[in-house]
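Grab a pencil and work through these exercises with the structure open beside you. Try each task on your own before you read its solution.

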Amino acid sequence: MSAAPDPAAPPGAAGVPPAAAGWRGVAAEPEPDEPRGRAFLLLDRSGRSRRLLGALLRPHRAAIALLVVLIVVSAAAGLAIPYLVKVGIDAGIPPLVAGHAPATLLAAVGGVLGAALLQGLTRQAFLRLSGRVGQDILLELRRRVFTHFQRLSPAFHERYTSGRVIARLTSDVEAISEMLGSGFDRVVTAVLTLAGTAAMLLVLDARLALVALLPLPVLVLLTLWYRRESAAAYRRTRETVALLIVHFVESMTGIRAVQAFRREERNQEIFERLNADYRDANRRSMHLSALYMPGTKLIGNVTVALVLLYGGWLALHGSVTVGVLAAFLLYLRQFYEPMQDLSQFYTSVQSAGAALEKLAGVLAERPAVAGPARAAALPSGRGPGGGVGREGVEFRSGDGPPVLHRIDLAIPAGQTVALVGPTGAGKTTLAKLIARFYDPVAGRVLLDGVDLRDLDEATLRRTVVMVTQENFLFSGTVADNIRFGRPDATMAEVVAAARAIGAHEFIAGLPDGYHTRVGKRGGRMSAGQRQLVAFARVFLADPAVLILDEATSSLDVPSERLVQRAMATVLAGRTALIIAHRLSTVEIAQRVLVVEDGRIVEDGPPDRLIAAAGRFAALRRAWLDSIA
Amino acid sequence: MRSVVESSSLWRLKSYLRPHLRALALIWVAATAGIAVGIVIPLVSREIIDGPVRHGDAGALLPLGLLALGLGAAEAFLIFLRRWTQVRPVLGLETALRDDLYRHLQRLPMSFHDEWQSGQLLSRATTDLSVIRRFFGFGLLFLVMNVIQLGTVIALLLHMHWPLGLLVLGTAVPIIVLSVRFERRYRKVSRQVQDEQGDLATLVEESALGIRTIKAFGRRQHVYAGYDEAARRLHGTIMRKVRLSARFFTLVEVIPNVTLALVLLLGALAVGSGGLTVGTLVAFTTLVLQLGWPVSSLGYILALGQEAMTAADRVLEVLDTRPAITGGPIVLERPRGHVRFEGAGFRFPGAGRPVLHDVWLEVRPGETVAVVGATGSGKTTLTALVPRLRDVTAGRVTIDGHDVRDLTLASLRSVVATAFEEPTLFSMSVRENLMLGNPRATERELREALEIAQATFVYDLPWGLDTRIGEQGMSLSGGQRQRLALARAVLARPRVLVLDDTLSALDVETEALVEAALKEVLSDVTGIVVAHRASTVLLADKVALLSGGTVTHVGRHQELLARVPEYRALLAQDADLDPEGALR
């Protein structure tokens with residue numbers, strides 16, 4: 001049941017699975033990353049990522065200005081050195097030969113040392129500052145994207161897959177970090193040199209300068225071509241690496257099933273194909289820059305030759321002096337050399353741009369379950385009572401038929417309600433609406449009279465906690481995992497919680513007790529033990545409304561009893577919603593709701609429903625038969 | 001010893017370049033020729049100015065001009081040739097290494113995967129490999145080119161004026177000393193950066209996989225705090241690396257300039273005393289100036305090399321881990337499915353108490369045994385010993401009289417199929433997920449398996465069996481996922497079918513239907529069924545009670561119920577509770 005196998009009609013009327021289907025199957029919804037139809041991530045190519053870049057750079061405006069100053073000083077000091085050497089030789093040596101004191105020479109040597117020192121200092125300052133700015137930007141980007149992912153709804157995550165989340169936050173962020181670390185200084189020097197030399201060329205000889213600048217439009221065209229092609233190529237790189245990561249993470253997470261079913265060969269085949277796709281995407285972008293970079297070089301070299309010919313011809317006819325021509329050639333070389341640095345930098349900008357685009361796409365996702373514009377408070381005075389009301393709630397996933405049909409239901413504060421019914425009836429969906437994992441399509445869900453959509457997240461989560469059959473353990477110790485329910489709990493409280501639900505014995509028996517590390521996702525613990533830890537967690541969280549969705553399915557009967565007994569105490573005075581197939585779990589309920597096909601078909605205290613001999617009575621009989 | 005091993009890691013990757021030797025040779029030729037042409041072009045310019053232009057020789061202008069044009073085009077072409085040719089070997093190395101890493105990871109046993117977070121593995125398969133690629137793509141080439149360039153210039157200098165030449169050569173000493181010291185520290189810090197990046201990836205992974213638990217408890221801030229701390233730690237470590245390399249790069253750049261000042265001073269004095277001509281000094285200083293760029297880029301390349309070596313270390317760390325579970329030589333041609341645990345025991349590495357010890361249990365061909373025990377008694381571990389997802393640490397497990405360790409893994413794992421309690425479904429089509437254990441299954445077999453598992457709902461999915469089911473089947477309910485996992489195990493047509501509490505998330509009616517169908521399946525295969533409920537136990541011919549890490553009782557359900565109080569406590573719902581009363 002839950003979000004349900006999306007029963008949406010196949011997208012598009014065609015009704016034929018696209019050819020790409022193969023092993024991956026056909027997604028019931030468009031892939032988040034594939035620009036298919038009105039795919040949402042790549043809609044806007046530049047605006048969104050440019051805005052993100054602007055927002056990231058803005059706080060560092062002052063530092064960036066300082067960086068430019070440092071580069072200029074450093075470059076000036078660097079340029080001064082050959083000049084000072086020339087002075088030392090031209091002006092310093094004659095006095096020596098004449099037998100005078102080496103004052104000029106010493107001054108020149110001192111100048112070289114001073115310039116070297118200045119260059120060194122500014123260079124070091126530049127490297128440190130640019131490193132810091134770059135890392136600060138990365139940190140900020142990581143924080144933003146991480147927080148945003150956490151804010152997005154479970155429905156988003158189901159579609160997006162964890163592998164893609166990981167790809168965004170590792171591989172894409174690294175692509176950006178590569179750009180930040182790649183020669184910003186050389187770009188600034190290149191730009192300055194270009195501007196300076198262009199001016200010098202014009203001053204030296206306007207006719208020659210025009211010839212020299214003639215190929216610039218070609219360069220612009222080449223760059224435009226490169227930009228278009230490489231943007232597509234790098235985008236493809238980001239997409240293929242994401243798929244690679246998704247597959248990698250999935251097979252490592254599911255390694256047990258992989259090995260048990262000898263999936264290795266097939267997996268390897270798939271991985272190698274994805275890896276080859278990634279290689280091809282990389283090859284395309286590398287080939288593009290293998291064309292672009294020598295292309296700029298070629299334009300520069302051809303220009304030099306043209307100027308040589310034209311300038312030589314002019315000089316032969318006495319229109320320019322030999323000195324001007326010689327100087328012109330020197331400057332021209334300086335004009336086209338930095339182009340290499342620029343095109344190199346441009347390549348990394350393109351690569352980072354594709355990554356930035358992906359991240360900007362994530363940040364542009366609106367949380368489907370958004371926080372309120374203005375948070376309402378729960379009626380105060382007695383703290384959250386936990387009364388739950390629902391008025392005409394309807395829920396459907398995608399465009400499919402409703403999973404739940406107009407449900408009107410009121411659960412008074414403190415009542416323990418059991419939800420029973422066949423698989424796929426909509427029980428979990430109903431529960432998830434109360435925990436606001438989803439929002440209803442129509443109608444509203446109220447907590448103590450307040451619409452859930454008007455509550456801020458902190459209040460909602462403090463009040464309503466849902467425990468499901470999947471009990472995720474985070475890396476860290478057992479105690480850390482229990483404390484997840486209430487991060488500020490003391491060790492004594494953690495132990496008390498574990499004792500209360502009967503998990504203390506097994507935890508105490510672990511090698512380091514509560515300080516035993518659970519390993520990757522609790523790999524060394526059994527499913528039942530993980531459920532016990534999850535229960536201790538919820539015991540500690542102590543919410544006003546508690547939802548248990550098949551939370552004891554992996555426990556043996558005595559453990560389940562123990563948990564139930566603890567729950568009976570915990571649930572006193574608390575609103576609770578219990579979903580269980582094993583009706584033993586239901587026995588602490590004061591009220592039973594039978595859900596079928598998205599409707600509540602029976603509602604009442606258990607003994608009355610049994611007496612009425614309806615659906616619940618039948619379910620219960622089947623259960624009693626099964627345990628007999 | 002360790003340092004020898006470490007420094008050779010990068011070298012050990014050389015075999016990945018072997019298929020590309022011809023391309024590599026071409027790259028080196030193109031690179032060298034490119035540099036040579038680059039040197040010649042300015043000489044031609046000079047020739048034009050000094051020759052035809054100065055002497056008014058119009059006839060020589062055109063050929064020389066065309067020569068410059070041709071050389072310019074040749075230089076661009078050589079750069080193109082180098083860059084284009086290097087794409088294949090460089091990407092080939094990266095791709096092949098990644099394929100091998102993945103293959104190896106799939107062979108490493110559960111015990112390895114328990115310990116290694118996938119974030120750490122992923123950062124090796126992506127970040128580290130691209131560092132290695134970058135080194136082989138650019139670093140190595142430029143390292144050698146720079147060294148050649150430096151060697152040539154220094155040889156020229158020595159030839160021009162050996163005392164000053166020696167002085168220049170002498171400044172190599174502080175550079176080498178600095179490099180060695182830098183190398184040691186840089187390597188440590190870059191290793192730390194790479195490890196911390198892996199940790200960060202792990203946190204990201206957990207935050208995505210555990211998103212619903214995080215949401216359920218509203219622990220966004222808590223999880224964010226952990227991530228932020230790790231991100232800031234990484235930030236700090238990278239800043240240490242930045243400061244270290246900033247200092248090193250700067251020193252490496254300053255040294256040639258200081259040398260230049262010394263050359264100027266001593267050279268001028270030598271000119272003063274007549275030991276040197278001004279022309280030579282000019283040529284000498286010009287050459288020393290040319291040393292600046294190769295020396296300073298050497299710093300950058302050395303850093304890149306360090307990172308590549310660290311990355312190679314990290315990758316080889318995984319590749320060098322021997323798969324602790326490898327197959328034996330025997331292939332079972334006609335498996336009967338006679339399973340015996342003979343004094344089998346299991347202890348997690350580093351754990352004090354064994355999970356299982358002295359387990360003796362026999363399951364005859366066609367027989368089904370139910371394993372019953374309290375939460376955490378080792379039932380799942382026991383079942384994992386048969387297909388060698390875990391290996392016994394004492395005693396042995398046999399199938400048809402062969403120690404499972406003597407069978408090839410392929411043979412063993414086609415004899416045994418397990419339906420896990422927590423079913424792992426992959427982001428693939430339903431069909432692909434089902435056919436994991438039997439790629440040659442026909443449509444009819446598929447339907448049969450789905451019917452047994454009561455999982456025909458998949459035919460109603462938008463694209464039927466071709467529908468992709470989300471990551472871990474996220475868009476399916478727990479019960480639906482379990483039924484698919486069951487269908488998968490049934491479809492594998494194993495001789496030994498292990499059901500690890502596979503029905504826990506099913507509702508009573510569905511469970512009854514599944515059980516009825518399973519009875520059929522289990523009638524002719526050997527079954528090991530982990531059970532929490534009496535209804536599941538009834539699938540079995542006999543029951544083994546697991547207690548205190550070993551099998552304490554084997555017998556029929558009714559027998560144990562009557563005879564063993566512990567068993568009664570575990571299974572009998574009515575032992576201490578009367579359902580009628582509870583619901584009253």
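**Exercise 1: a sheet in chain B**

In this predicted model, B:Ala417 has B:Leu497 of E9(B) as its bridge partner. Find the two strands behind this pair, then work outwards to the whole sheet.

Step 1. Start with the strand pair. E6(B) and strand E9 (residues 496-500) of chain B are joined by four bridges and run parallel.

Step 2. Now put that pair into its sheet. The order is E6-E9-E10-E3-E11-E12 (chain B), an open sheet of six strands with mixed pairing.

Step 3. Why is one side of E6 (416-419) and of E12 (550-555) of chain B left without a neighbour in the sheet? These two strands stand at the edges and each has a single partner strand, so there is nothing beside them on the other side.

Step 4. Check the twist. On average, neighbouring strands here are turned by 20° against each other, ignoring direction.

Step 5. Add a helix. Helix H16 (residues 478-491) of chain B lies across E6 and E9 of chain B, and runs at about 170° to E6(B).

**Exercise 2: a sheet in chain A**

Describe the six-stranded sheet of chain A, including its edges and the helix H12 that lies across it.

Step 1. Write down the order: E6-E7-E8-E3-E9-E10 (chain A), open and with mixed pairing.

Step 2. Mark the edges. Strand E6 (464-467) and strand E10 (599-604) of chain A each pair on one side only. The average turn between neighbouring strands of this sheet is 15°, direction ignored.

Step 3. Zoom in on one pair. Strand E3 (residues 416-420) and strand E8 (residues 575-579) of chain A pair in the parallel sense over four bridges. In E8(A), A:Ile578 is the bridge partner of A:Ala418.

Step 4. Lay the helix on top. H12 (residues 427-434) of chain A lies across E3, E6, E7 (545-549), E8 and E9 (591-596) of chain A, at about 155° to E8(A).

**Exercise 3: domains and confidence in chain A**

How far apart do the C-alpha centres of domain 1 and domain 2 of chain A lie, and which element of chain A has the lowest mean pLDDT?

Step 1. Take the bounds from the domain assignment: domain 1 is 39-364 and domain 2 is 388-627. Their C-alpha centres lie 54 Å apart.

Step 2. Look at the overall score. Chain A averages a pLDDT of 81, with 86% of the residues scoring at least 70.

Step 3. Compare the elements. Strand E1 (residues 388-396) of chain A has the lowest mean, 58, while helix H3 (residues 103-151) of chain A has the highest, 93.

How values were computed
Residues numbered from 1 in each chain as written. Chains lettered and ligands numbered in written order. Predicted model: local features only at pLDDT ≥ 70, side-chain atom pairs only at ≥ 80, totals over all residues. Pairing = 2+ DSSP bridges. Axes fitted to C-alpha atoms, helices over the stretch in contact; angles between N-to-C directions. Contact = placed C-beta atoms within 7 Å. Domains from an automatic or database assignment. pLDDT = per-residue confidence, 0-100.
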